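Student: I should like to learn how the terms used for a protein structure are justified. May we take them one at a time?

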Amino acid sequence: MQNLTEIVSFVLGAYGDIGHLKYLYFSIMLLWYLSICVANTVLIVVIYVDRRLHEPMYILLCNLFVNEISGSTSLYPLMLSQMFSVTHEVTLSWCFVQMCYIYTSASVEFCSLAAMAYDRYVSICYPLHYNAIMNTVRVVIIILLIWIYSFVNFIFSLSFIVSLKFCGNVIDKVFCDHHLVMKLACSVTLLNISGLLFAFVTVVLPFSVISVSYIKILTVCLNTSEDNKQKAITTCTPQIVSVSNLFAGCIFNFVDSSFDVTRAPAKLRVILSVYLLVCQPMITPFMYGFKLPKIRQSCKRYLFDRK
């Protein structure tokens, strides 16, 4: 079998030389990462402890919080270790592992939001049949299918890359980016097709479910009472914000990876490239922790009112 490549590692070229500022950046990133873990873990524990939250919507939310921790863990430990690296090298195997971790988490995020949108659609449009359609067992099965679907999806895309030879080893980002790694390959046969297929099943299909669900919810809300409209808005707003932020992050990452943006300031490019993995894991717990009344009340009861 032909050797994979003479290149044994990639260089993450976006770090550059930051001098003594690395200590400041390291402290900020470590604090942010720990804050993400704490915020999401608190909500996971609250949902687990409070039996009144053992409902399909909150179980799906719990899965989303787990994925926020998972997605953050795919980025921050490597970034923190690279802050004190001189060469900023990452072995091929670790780079592939990080890509698998990051893009599986991204797919889980989209699919989880699609499942939550469908859950809200059933709850608002078919309230009398909700308990029959979205029971606990079915939700657990949906969550398992989301993780299996996301993992298999990226493994299929990654299978086109791992056997390739690479004609370069510099990735102009602070993490291993799937599209930029494909650009380094000596041969691009089928790579563009695999990338488009991955984007379709990761983004387009879940977004279609989300769009159809919210269009139907909006249609029903226009013909209902003001009280029901307000309940629907309160429940759906966090999900709409999450989806909007997710797409903004995807657009930033796509533009940075696919187009020549070397004229943009280096620091701005780094910030935009990691925007999704920096902001989304913190937006999610705060939006759902403080916007949804039942979770907010449970947090107050278990965290502040206990004597």
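Student: Is the crossing of H4 and H6 left-handed or right-handed?

Tutor: This is a predicted model, and in it the crossing of H4 and H6 is right-handed. The two helices pack at an angle of about 140°, and their axes are 8 Å apart.

Student: What makes H4 oblique to H6?

Tutor: An angle has to be over 145 degrees to count as roughly antiparallel, and 65 to 115 counts as roughly perpendicular. The angle of H4 and H6 is about 140°. It falls in neither range, so H4 is called oblique to H6.

Student: Which residues make the contact of H4 and H6?

Tutor: On the side of H4 they include Phe96, Met99, Tyr103, Ser107 and Cys111. On the side of H6, Ile146, Trp147, Tyr149, Ser150 and Phe154 are among them.

Student: Why is H2 called roughly parallel to H6?

Tutor: Helix H2 (residues 56–73) and helix H6 (residues 136–158) pack at an angle of about 25°, with 9 Å between their axes. Angles under 35 degrees count as roughly parallel, so the term applies to H2 and H6. H2 passes H6 in a right-handed crossing. Among the residues that meet there are Pro56, Ile59 and Leu60 in H2, and Thr136, Val139 and Ile143 in H6.

Student: How do you know that cysteine 95 and cysteine 176 form a disulfide?

Tutor: The test is a pair of cysteine sulfur atoms within 2.5 Å. For cysteine 95 and cysteine 176 the S to S distance is 2.1 Å, so the pair meets the test. One disulfide is found in a search of the whole structure.

Student: What does the link of cysteine 95 and cysteine 176 tie together?

Tutor: Cysteine 95 belongs to helix H4, while cysteine 176 is in the loop between E3 and helix H7 (178–183), so parts that are 81 residues apart in sequence are tied together. The link is left-handed, with -130° about the S-S bond.

Student: Why is cysteine 125 called buried?

Tutor: Buried means under 20% relative accessible area. Cysteine 125 has 19%, so the word applies to it. Cysteine 111, at 10%, also counts as buried. The two cysteines of the disulfide are buried too: cysteine 95 has a relative accessible area of 0%, and cysteine 176 is at 0%.

Student: What makes glutamate 68 a buried residue?

Tutor: Its relative accessibility is 3%, and the limit is under 20%, so glutamate 68 counts as buried. Glutamate 68 lies in helix H2. Leaving aside neighbours within four places in sequence, its contacts are Ile36, Asn40, Glu109, Gln280, Pro281 and Thr284.

Student: Is serine 107 buried or exposed?

Tutor: Serine 107 has a relative accessible area of 0%, which is under 20%, so it is buried. Its place is in helix H4. Not counting residues up to four places away in sequence, serine 107 touches Tyr149, Ser150, Asn153 and Thr202.

Student: How do you know that E1 pairs with E2, and in which sense do they run?

Tutor: Pairing requires at least two bridges between the strands. Three bridges join strand E1 (residues 9–12) to E2, so the two strands pair, and they run antiparallel. Along this pairing, valine 11 has glutamate 89 of E2 as its bridge partner, and phenylalanine 10 stands opposite valine 90 in E2.

Student: In what sense do E1 and E3 pair?

Tutor: E1 and E3 pair in the parallel sense. Two bridges are present and at least two are required, so the condition for pairing is met. In one of these, leucine 12 has isoleucine 171 in E3 as its partner.

Student: What is the order of the strands in the sheet, and why do E2 and E3 stand at the edges?

Tutor: The open sheet of three strands has the order E2-E1-E3, and its pairing is mixed. Strand E2 (89–91) and strand E3 (170–171) each have a single partner strand, so one side of each is left without a neighbour in the sheet. Helix H4 (residues 92–125) packs on the sheet and touches E1, E2 and E3. The direction of H4 makes about 85° with that of E2.

Key: Residues numbered from 1 in each chain as written. Predicted model: local features only at pLDDT ≥ 70, side-chain atom pairs only at ≥ 80, totals over all residues. Heavy atoms only, no water. Helix = DSSP H or I, 4+ residues; strand = E, 2+ residues; numbered from the N terminus. Contact = heavy atoms within 4.5 Å. Axes fitted to C-alpha atoms, helices over the stretch in contact; angles between N-to-C directions. Buried < 20%, exposed > 50% of the residue type's maximum accessible area, 1.4 Å probe, protein only. Left-handed = near helix turned anticlockwise from the far one by under 90°.
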